[in-house]
Amino acid sequence: MTFSDIKWDAIFDVDLAIESFPYLLGGLPNTLWISFTSMFFGLVLGLILALGKLSPTRLLRYPSTFYISFMRGVPILIILFILYSGFPFIGIEFAALTAAILGFSLNSAAYIAEIIRSSIRSVDDGQVEAARSLGMGKWLTLKGVVLPQATRIALPPLSNVFLDLIKASSLAAMITVPEIFNKAKIVGGREFDYMTVYIVVALIYWAICTFMSFFQEWLERHFERYLDSPKR
């Protein structure tokens with residue numbers, strides 16, 4: 001194939017892009033619902049796993065370590081297919097959207113746990129000792145001293161996990177969830193023009209992630225002002 005053999009006129013059909021745009025946006029609510037809900041449950045489970053891995057008790061540390069290792073080592077697409085197509089064989093069935101949220105939550109929790117664990121470990125031990133010397137208990141020290149500082153440290157990598165969740169939500173199309181990419185496949189098959197609709201979908205994902213990046217920067221500035229503000 002030579003440069004002149006490329007069909008430049010077939011790369012992007014403006015009329016199809018404009019016509020299909022509202023239909024593609026019809027999948028946006030599911031995309032955002034999967035992303036935000038999975039991030040919420042991933043944060044909750046990730047915090048539990050992080051504390052479990054930091055625990056001196058083997059009964060908590062070993063299962064948490066195994067879970068994190070397993071979920072980080074298995075492709076999310078396999079997790080989705082196990083939940084949606086595999087579980088019915090043992091009598092457990094999930095709706096496609098439920099399976100997607102559950103799969104992304106379980107998978108993202110492993111990455112979130114490692115971020116939270118490393119952020120907690122990065123807090124200076126001297127501050128923990130100072131809190132203990134003031135009579136603060138273990139959990140009060142964790143809640144009032146360690147976690148607020150760990151949150152500021154963890155914010156940028158947690159934001160990256162969320163952006164990855166938004167983009168990875170397109171994999172939910174593989175288990176028939178009607179999100180943006182699923183609708184793009186339908187339009188592309190109907191119009192025999194996958195290039196145009198996939199470019200439109202790419203631009204939609206880019207716009208979402210760009211907006212979330214601005215929100216991330218705002219959160220970072222907010223926490224910096226909070227942490228750097230003088231105490232009265």
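Does T37 count as buried or exposed, and at what relative accessibility? Select T37 in this predicted model. At 10% relative accessibility, T37 counts as buried, because the cut-off for buried is under 20%.

**Stop 1: around T37**

T37 is part of helix α2. Show its side chain together with the backbone of W33. A polar atom of the T37 side chain lies 2.7 Å from the backbone oxygen of W33. Next add I101 and S105 to the selection. T37 touches both I101 and S105, when residues up to four places away in sequence are not counted.

**Stop 2: the largest nonpolar core**

Now select L24, I34, M39, A100, F104, I166 and V177. The largest nonpolar core has 52 residues, and these seven touch the most other members. Colour the helices next. At least two residues of this core come from each of α1 (14–25), α2 (28–54), α3, α4, α5, α7 (138–168), α8 (180–191) and α9 (194–228). The largest share, 12 residues, is supplied by α5. In soluble globular proteins, nonpolar side chains tend to be buried together.

Keep A100 and hide the rest of the selection. Which residues does A100 touch, not counting residues up to four places away in sequence? They are I34, S38, L80, A172, I175 and V177. Two of these, I34 and V177, also appear among the core residues that touch the most other members.

**Stop 3: helix α4**

L80, one of the contacts of A100, leads to the next helix. Select residues 76–86, which make up helix α4. Its buried residues are I76, I79, L80 and L83. They lie on the same side of α4, because the arc they cover around the axis is only 100°. Add α3 (58–73) and α5 (96–122) to the view: the buried residues of α4 pack against these two helices.

**Stop 4: aromatic rings**

How many aromatic pairs does the count come to? It comes to seven. Begin with F66 and F70. Their ring centres are 6.2 Å apart and their planes are at 20°, so this pair is stacked; planes under 30 degrees apart count as stacked. Both residues lie in helix α3, four residues apart, which is about one turn of the helix. F66 is exposed, at a relative accessible area of 57%, whereas F70 is partly exposed, at 42%.

Move on to F87 and F94. With ring centres 5.9 Å apart and planes at 40°, this pair is tilted. F87 is partly exposed, with a relative accessible area of 25%. F94 is also partly exposed, with a relative accessible area of 24%.

Then select F181, Y194 and Y198 together. These three residues form one aromatic cluster.

**Stop 5: a charge over a ring**

Select K183 and Y23. What lies over the face of Y23? K183 does, at 4.4 Å from the ring centre.

**Stop 6: N160 and M71**

Finish in helix α7, where N160 lies. N160 counts as partly exposed, at 43% relative accessibility. Add M71 and draw a line from C-alpha to C-alpha. N160 and M71 are 18 Å apart in space by that line, and 89 residues apart in sequence.

Notes
Residues are numbered from 1 along each chain as its sequence is written. This is a predicted model: local features need pLDDT of at least 70, side-chain atom pairs count only at pLDDT 80 or more; totals for chains, interfaces and linings use all residues. Side-chain values use heavy atoms; hydrogens and water are left out. Buried means under 20% relative accessible area, exposed over 50%, partly exposed in between (1.4 Å probe, protein chains only). The arc is that of the directions from the helix axis to the C-beta atoms. Contact means heavy atoms within 4.5 Å. Rings of Phe, Tyr and Trp (its six-membered ring) pair if their centres lie within 6.5 Å; planes under 30 degrees apart count as stacked, over 60 as edge-to-face and the rest as tilted. A charge sits over a ring if NZ of Lys or CZ of Arg is within 6 Å of the ring centre and within 35 degrees of the ring normal. A nonpolar core is a set of buried Ala, Val, Leu, Ile, Met, Phe, Trp, Tyr and Cys residues joined through side-chain atoms within 4.5 Å. A polar contact is a pair of N or O atoms within 3.5 Å; within protein, one must be able to donate a hydrogen and the other to accept it, and residues adjacent in sequence count only if both atoms are side-chain atoms.
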